[in-house]
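Visitor: Please take a close look at one loop for me. Then work outward to the rest of the fold.

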Amino acid sequence: FQFTHAITRTPANSVANGIRAVDSGDPSGEKFREEHELYVKALQEAGLSVDVLPALEAFPDSCFVEDPAFCLPNAAIQLRPGTQSRLGEGKEIRAALERHFEKVEVLPGNGHVDGGDVLMLDDTMLIGLSARTDSDGADAFAKLLGDWGYRAAVCETPQGVLHFKTACSTLGDGVILATRVMAESGFFDGRQVVIVPEGEDYAANVIRVNEVVLVPEGYPGTLAAIEKAGFKTVVLPTHEARKVDGGLSCLSLRF
Ligand code: CIR
């Protein structure tokens, strides 16, 4: 969780057409950009040098840069997001990856993986099968990680959860934050899990960045639980991202 860099992308006005499971109104590009600026500032204050890529109007969901790529300390993987309107985002982010990494591999084969389905634990990468990540993609991804010396395991994202990481996060120091459903899934047995209080499932998606945990605004129970577990927090508004099922982790690649 020690990072020096992040890649982000400015939300486009077309984010108003972003994909969502339940419609609670369109996000506004303008308001989203204000929230995004605070997000970038928080990453910088945590010590990161942040690339802010230009908005891509042709890809409404492209500010969620976590999905078309995956970054390790010494290499990056260009992914194939598993929904038609986002498939081209992998190519769009490649140049930014190449600026930072000598080794940039394309996910082998024809399967699909969204980066939001990959959770990095201290010792293992968990790849969640979902409506976006299929078994061809997950197996190819796990094999590539294995070839590079990482432990990887493929598991099922619980029903009704968009991405594996929509419902859980690593807080660092061996501690996981998860919704109750995720905590009871068995994936984290033997590990310390902080469970988000009822009604606050959205807040299970947080990010640990160096010394702090970034937490979405409006979830006091989760904030208190994270602080009680001993972590320093920074609260950020994510009201626009939430309208299109996006959270804090989705908005950056950190390495
Ligand atoms: C989508 O459905 O793809 C976007 N509206 C939200 C992506 C959120 N990304 C993530 O959870 N990693």
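**A loop and its surroundings**

Guide: Start with D173. Because 12 other C-beta atoms lie within 10 Å, D173 is exposed. The model is predicted. D173 sits in the loop between β9 (168-172) and β10 (175-178). Its backbone stands out too. Phi of D173 is near 50 degrees, a positive value in a residue other than glycine.

Compare another loop. N210 lies between β12 (207-209) and β13 (212-216). Phi of N210 is also positive, near 50 degrees, and N210 is not a glycine. The surroundings read as follows: N210 has 16 other C-beta atoms within 10 Å, so it is partly exposed. A glycine gives one more positive phi. G149, just after α3, has a phi of about 95 degrees.

Now go back to the stretch that follows the D173 loop, and on to the core. L177 is one of the two residues with the most contacts inside the largest nonpolar core; the other is A69. That core has 64 residues. Helix α3 (residues 135-147) gives the most to it, with five residues. Who touches L177? Leaving aside neighbours within four places in sequence, the contacts of L177 are C168, S169, L171, V194, V196, A204, V206 and I226.

Take α3 next. The helix has 13 residues. From first C-alpha to last, α3 reaches 18 Å, close to the 18 Å expected at 1.5 Å a residue. Its buried residues are G137, A138, A140, F141, A142 and L145. The cover over them includes β7 (125-129) and β8 (152-156).

Helix α2 (residues 89-100) makes a useful second case. Its twelve residues reach 18 Å from first C-alpha to last, close to the 16 Å expected at 1.5 Å a residue. E89, G90, I93 and L97 are buried in α2. Down the axis of α2, these buried residues fall within an arc of 75 degrees, so they line one face of the helix. The general rule is simple: an α-helix has 3.6 residues a turn, so residues three or four places apart point the same way. The other side of α2 holds K91, A95 and R99, which are exposed. Over the buried residues of α2, the cover includes β3 (69-71), β4 (76-78) and β5 (104-106).

One more residue is worth a stop. D51 lies in strand β2 (residues 49-53). Because D51 has 17 C-beta neighbours inside 10 Å, it counts as partly exposed. Leaving aside neighbours within four places in sequence, D51 is in contact with I7, T8 and A96. For scale, take D51 and E227. They are 176 residues apart in sequence, and their C-alpha atoms are 29 Å apart in space.

Last, the ligand. It is surrounded by 17 residues. The closest are I19, G116, H163, V244 and C250. What is the mix of classes in this shell? The shell has five nonpolar, six polar and six charged residues.

Put the loop back in that picture. D173 is exposed, and its phi is positive. L177 is among the residues with the most contacts in the core.

Conventions: Residues are numbered from 1 along each chain as its sequence is written. This is a predicted model: local features need pLDDT of at least 70, side-chain atom pairs count only at pLDDT 80 or more; totals for chains, interfaces and linings use all residues. A nonpolar core is a set of buried Ala, Val, Leu, Ile, Met, Phe, Trp, Tyr and Cys residues joined through C-beta atoms within 7 Å. A residue is buried if 20 or more other C-beta atoms lie within 10 Å of its own, exposed if 12 or fewer, and partly exposed in between; C-beta atoms are placed from the backbone. Helices (H or I, at least four residues) and strands (E, at least two) are DSSP runs, numbered from the N terminus. Two residues are in contact if their C-beta atoms, placed from the backbone, lie within 7 Å. A residue is near a molecule or strand if its C-beta atom, placed from the backbone, lies within 6 Å of it. Ala, Val, Leu, Ile, Met, Phe, Trp, Tyr, Cys and Pro count as nonpolar, Asp, Glu, Lys and Arg as charged, and the others, Gly among them, as polar. The expected span of a helix is 1.5 Å times one less than its number of residues. The arc is that of the directions from the helix axis to the C-beta atoms.
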